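The following paragraphs walk through a structure one chain at a time. Please keep the sequence and the 3D view open while reading.

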Amino acid sequence: MLRHTTNWVTKPANRVDGPDKANGAAKYAGDYRVPGQLVTRALRSPIPHARITRLDTSAALKVPGVLAVITSDDFVDHGRFGFPVADNFILAYQKVRYVGEGVAIVAAVDADAAEAGVNAIELDLEQLPVIEDMEQALRPDAPVIPDVVTEGSKKGQPNVCLTQIVRNGDPEPIIAASPVQLDQTYATPFQEHAYLEPEAVLSIPNPDGSVIIYACDQSPFNNRGIAAAVLGLPEDKVRVIQAIVGGSFGGKDEGVYQMSAQTAKLALLTNRPVGMVFSREESIIVSYKRDASKIRVRLGADKDGKLQAAKVEAWLDGGAYSAETVLTAWRAAMHLAGAYTYQAVTGDVHVLYTNNNYSSAFRGFGNTEAVACIEQAIDEVAEQVALDPIDMRLKNIIGKGDRTMTGATLNQEVGLRACLEWVRQKSDWDRKRREFPAQNKNARYRKGIGVACYFHGMGLGGEGVDFANATIAIERDNSVTLTNGLTDYGTGARTVFTLIAADVLGARPERIKVLLTDTETAINSGPTVASRASVVGGNATRVAAEKIAQLLTFAAANLFKCAPAQVLRDKEAFIGPDEEPVDFDTVVNHARQLGYVLSAHGRWQLPVIHWDFEKGTGTPYVGYTFGAQIVEVTVHTGTGRVQADRIWAAHDIGKVLFPEGAYGQLYGGITQGLGYGLMEEVEINHGYIHNVNFDDYIIPTAMDVPPIEATFVEAPFHLGPYGAKNVAEPSMLGVAPALANAVYHATGKRIRELPLTPERVLLGHALHNDDHGDNSRLWLGYADGLRKVRITQAA
Amino acid sequence: MNIQIDFTLNGRAVSIDAPAHVTLLRLLRDYLNLTGTKEGCAIGECGACSVLLDGRVVNSCLVLAPQVSGRDVMTVEGLAPVEGAMSDLQAAFVKYGAVQCGYCTPGLVIAGEALLRDNHFPTRDEINDGIAGNLCRCTGYQQIVDAIEQTARQRAAAQVKE
Amino acid sequence: MNSFGYVRAGSIDEAVALLNTPGVNSRALAGGTDLMVAVRAGEAGSFDRVVDISTIPDLRGIAMVGSRARIGAATTFSEIMRAGLIQQHARFLADAAHSVRTMQITNMATLGGNVANAAAAADTPPVLVCLDAEAIIATPAGQQRMPVASLLRGHLKNTLPAGGLIVAFEFDPLSVDTRNTFLKLGRRNALTISRINMAATGRLQADGHIAEARLVAGACFSRPRRAREVEALLQGRLPSAALFAEAGQLLMRLMVQEVGQRWSTEYKALALAAMVEEALETVLPLPANETETVRSIGVKSVESMR
């Protein structure tokens, strides 16, 4: 039932959780206070790579106030978990592989007792060689990090977790024969999610041996599955309730699952509620990052700038555990050569193990890295053939019916051309491209303007079955309760579900309440990732609401004594043949009298597609979003400081369901892209993170974000509710390469390594401070020398 | 070393016994159970813990609890005319899409209120300057500036009417 | 975190007495914006109590005392930013205070605290040094005066006499024909630690020659001091781009001489020279044909908040 007019969807709306968040009433996991609640402290590894030769917690248990201590021995199979590769542990088992990895957790009545407990634990570590970067990981004599057999093991490179590939023809001979060729390597940094809420979890035991976990997680059902498995409980003995989540951006999966299982175990052991709240330092040291990447791009084009073939190879620093980098790599592979048509493309993305923390999901999920690199490469080719960067893109972008870089045919409306044309016109691009170079002659402050565009596959694609479940019930007071297995960690998904249900049911949004996702009330819908909530979760909500709407129509028809098809709707009113409107409550009450059950379950699934991971061929996604972004900068030639002056963004996200929410996602994504391009970089020296709080790990402030002029190109998407697609992830993609292209326009310096710090812009390379202090060790509790951790060299 | 701290909190007199070395942030959250004020960094870099101290915005993580003795503290919970409702600025945050994950919101509402009390007609640049001490990772600040700007206009219009 | 007590001083005398109580290790607390961070990190050493000096009336305020401008040590950055007297006579001090750029910090941070803490990257000390400001210090033995330049001994090190408390700063207001500027180079536009900051003043003679120039760079020398060598180079000369470039090169060499080659030197040397040129162009305007638009570095135009 695709409606052409809407009452609430697409119109101005208030975020459903807005008032509680604005007046301080909203409870995040760290805000819960329950009687008898214990606190926790962790013993964490002070070194990047070591064998655990002894771990004795007996003395800790004798510390007054300490009620329990756990290690990997307290979990089934030593707490091994991880999907797709089960190489991670709830607490370190046999080895530690990164600085800050949890070894033991103490639960105690207060923080001082917990700290004393941690200091009483005896831990002996036998130091192992540290793999500090991807080159070291590939050396034949490199120490092996994972304890699982990897794809690389067969080829003598055990630290290569796996390689994700695309095989669309053979680009080599085409590139070799092309008059215009490019072969450049680009690099992107580790990025911290920097959600404002540091991780927090609270576990509460029940008398029957089950446990409730309140968590700031993204995907409560995944959390439950892992917790149940490592605790040795059936899934129905573990209930996960998602608290209000203070931002995630992909960052609250694996790490929060570890915290959940840890506190759940401690709660069951002590029979007391157990809370765990990270400080910012603990959050940055312990949590996973966006992978750092190196991407080698080889392109061939004809003299007119028509792209012919691409061969792209990428290496992702996955750190100590593969986590979701295996999937990130797949998405990266699917987008490596950008939103262009080619005769042939191959892509290879290698996931490497190092001792640099670990990497996993982060907004854009591999495509952020891919776009950052390919969009610089496209500009470099455009310059070789003396084409304007936008003309270069217009000449090569994919359209409906074209083959994408993976070889699949695009069967959808494509708004990319419209996006490029909009930003070109709004930014006064042609004049600025022409005039800035002349103005810049001998100027200390130089102006530049740069562009980037992208495509971004929707949903999980070949990663997995893409479905969601929603339920809807009309309560006794005629309010409406919704659940959805997909969650809202700040994205606005609950508001989107509310608006869809309101429109389909013809019920004011104020009647509708979306429950926080609770594994006991919602139905498993897989992980809330890949910007899929609006389309998949939204459709599930629509399906459920349509079932109830149909019952209400029947009830109204019965009341009006007419055929159901004769019942018309105007917002909450039902109108029969005599044109006398009857209100929602009357019809609902009548439906109950008729014995109708006013609750329903809706399930919706994206069409199944097939990708052959072995061959690197198939259809990766059911559809794509598109967009183009332009950034104008001023570069100070004396200091290398780059200031973004203005940003224009046009995104084809299909029909916009919740405009305030969609623009909010867009501006927020652009700002994360600005940070990625200009200033954000997790500095890891010899395995130690240097910038562990917001004084050193800097993200854009209000003073750093320039005015953003944005629009949505609403090319309808036949599978989306009301024609909607998604926005959360793609919004950040173009900013960083557009910045790099703008800096090149301003200075003539091509800086192929992000972020564009003053050092890189001025000198052409970064500077590394090798004598940074022991920030990580300080915040892990090693400053006062009270920890009983003995470190020895391997014999 | 415990110390008695008497101060005005959201318009009400409060008397509480707490260790002298705890921060105002901990006092609010752990001793007074007012959890609307958030901890984001604990070193004065993010503004999530902003409160008004004698009407001026400060980071409560950098204020020692006994420093507020005899002074006036206003938290996000105290801004609305009626408990649980919203002030005009809070309502504007919701209306203009300035709230996403919401974790920075209490601090930003406090900073916005401090700014508007000081400057009745702020420009967008002045608003950006005024909220520079409040990090937000979700919104890109644009709609936050909208909400503060629109509230200033509403308040000015209301004054003209009176 | 170590536990400690709290006591609030009502007057300067009481504060000095409390800070010097025998057998009690006391620490002065003004704005707390540095102390609280250090305490949390375990970097503040151990002490028995803090003496809160932030509400002592005699430690606050900005006024002319005779021909001198006087700023109480517990005056906050916000108060300095807004003070008409500072805007008029030493605007670059207001700009330096504003460059910290968060209301939360400027409402608490004090001028005395910024100097006493003596962080290498602190923003107001270079301005005070450029003004040849003096600190007035209360000790159990009575008050004494010290130039701010000699109070600063290095990163997080001051030369305050034991048990001493800075009560005020005094300086001669800049003459009306003296231009001044404060530049700050950070990694972003707010909430940023200065990689380099710079205070400069300049006055031209009627014939266009340089009557006086002062220059102080922060965060790149062991402590902020007037760059007398550069000032001497400029004295009596006609402003020109070449002269300013020479001044930049000179200060860059002085920096490398004094602090040696560090990991950041390759960058900081170039940036420092560029900032010298920019600062001098602001305070010693070039003849019209050489001027170009000058803006602050890494800081959006500093509009004072009202």
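In this predicted model, chain C has a secondary structure of 12 helices and 13 strands. Its radius of gyration is 20 Å, close to the 19 Å that the globule rule gives for 306 residues, so chain C is as compact as a globular protein of that length. Along the principal axes, the C-alpha atoms of chain C fill a box of roughly 65 × 45 × 35 Å. Of the 306 residues in chain C, 52% are buried. Taking the contacts in chain C with a separation of 6 or more, 64% are between residues 24 or more positions apart.

Chain A can be described in the same terms. The count here is 20 helices and 33 strands. For 795 residues the globule rule gives 28 Å, and the radius of gyration of chain A is 27 Å, close to that value, so chain A is as compact as a globular protein of its length. The C-alpha trace of chain A spans about 90 × 75 × 50 Å along its principal axes. Buried residues account for 63% of the 795 in chain A. Among contacts in chain A between residues at least 6 apart in sequence, 79% join residues at least 24 apart.

Chain A is divided into three domains, and some of them are assembled from separate stretches of sequence: domain 1 takes 34-128, 199-277 and 774-793, domain 2 takes 364-456 and 623-763, and domain 3 takes 467-605. Between domain 2 and domain 3 of chain A, the C-alpha centres lie 39 Å apart. Each of these two domains of chain A gives 14 residues to the contact. On the domain 2 side, the residues that touch domain 3 of chain A comprise 8 nonpolar, 4 polar and 2 charged.

Chain A also contains an open sheet of 3 strands in the order 1-7-3, with antiparallel pairing. Which strands stand at the edges? They are strand 1 (39-44) and strand 3 (66-70) of chain A; each has a single partner strand, so one side of each is left without a neighbour in the sheet. From one strand to the next, the twist averages 20°. Strands of a sheet pair through backbone hydrogen bonds, either parallel or antiparallel. Strand 1 of chain A and strand 7 (residues 102-108) of chain A run antiparallel and are joined by 6 bridges. Within this pair, A:Ala42 stands opposite A:Ile105 in strand 7 of chain A.

Two helices of chain A accompany the sheet. Helix 3 (residues 111-120) of chain A lies across strand 1, strand 3 and strand 7, and runs at about 25° to strand 1 of chain A. Helix 7 (residues 254-270) of chain A packs on the sheet and touches strand 1, strand 3 and strand 7; the direction of helix 7 makes about 135° with that of strand 3 of chain A.

Chain B remains. The domain assignment gives domain 1 (2-78) and domain 2 (88-161) of chain B, with 22 Å between their centres, taken over C-alpha atoms. Domain 1 of chain B gives 14 residues to the contact and domain 2 of chain B gives 12 residues. On the domain 1 side, the elements that give two or more residues are strand 3 (50-53) and strand 4 (56-59) of chain B. Strand 3 of chain B supplies the largest share of that side, 3 residues. By class, the domain 1 side of chain B divides into 7 nonpolar, 5 polar and 2 charged residues.

Methods
Residues numbered from 1 in each chain as written. Chains lettered and ligands numbered in written order. Predicted model: local features only at pLDDT ≥ 70, side-chain atom pairs only at ≥ 80, totals over all residues. Pairing = 2+ DSSP bridges. Helix = DSSP H or I, 4+ residues; strand = E, 2+ residues; numbered from the N terminus. Axes fitted to C-alpha atoms, helices over the stretch in contact; angles between N-to-C directions. Contact = placed C-beta atoms within 7 Å. Domains from an automatic or database assignment. Nonpolar A, V, L, I, M, F, W, Y, C, P; charged D, E, K, R; others polar. Rg over C-alpha atoms; globule rule 2.2 N^0.38 Å. Buried ≥ 20, exposed ≤ 12 C-beta atoms within 10 Å, placed from the backbone.
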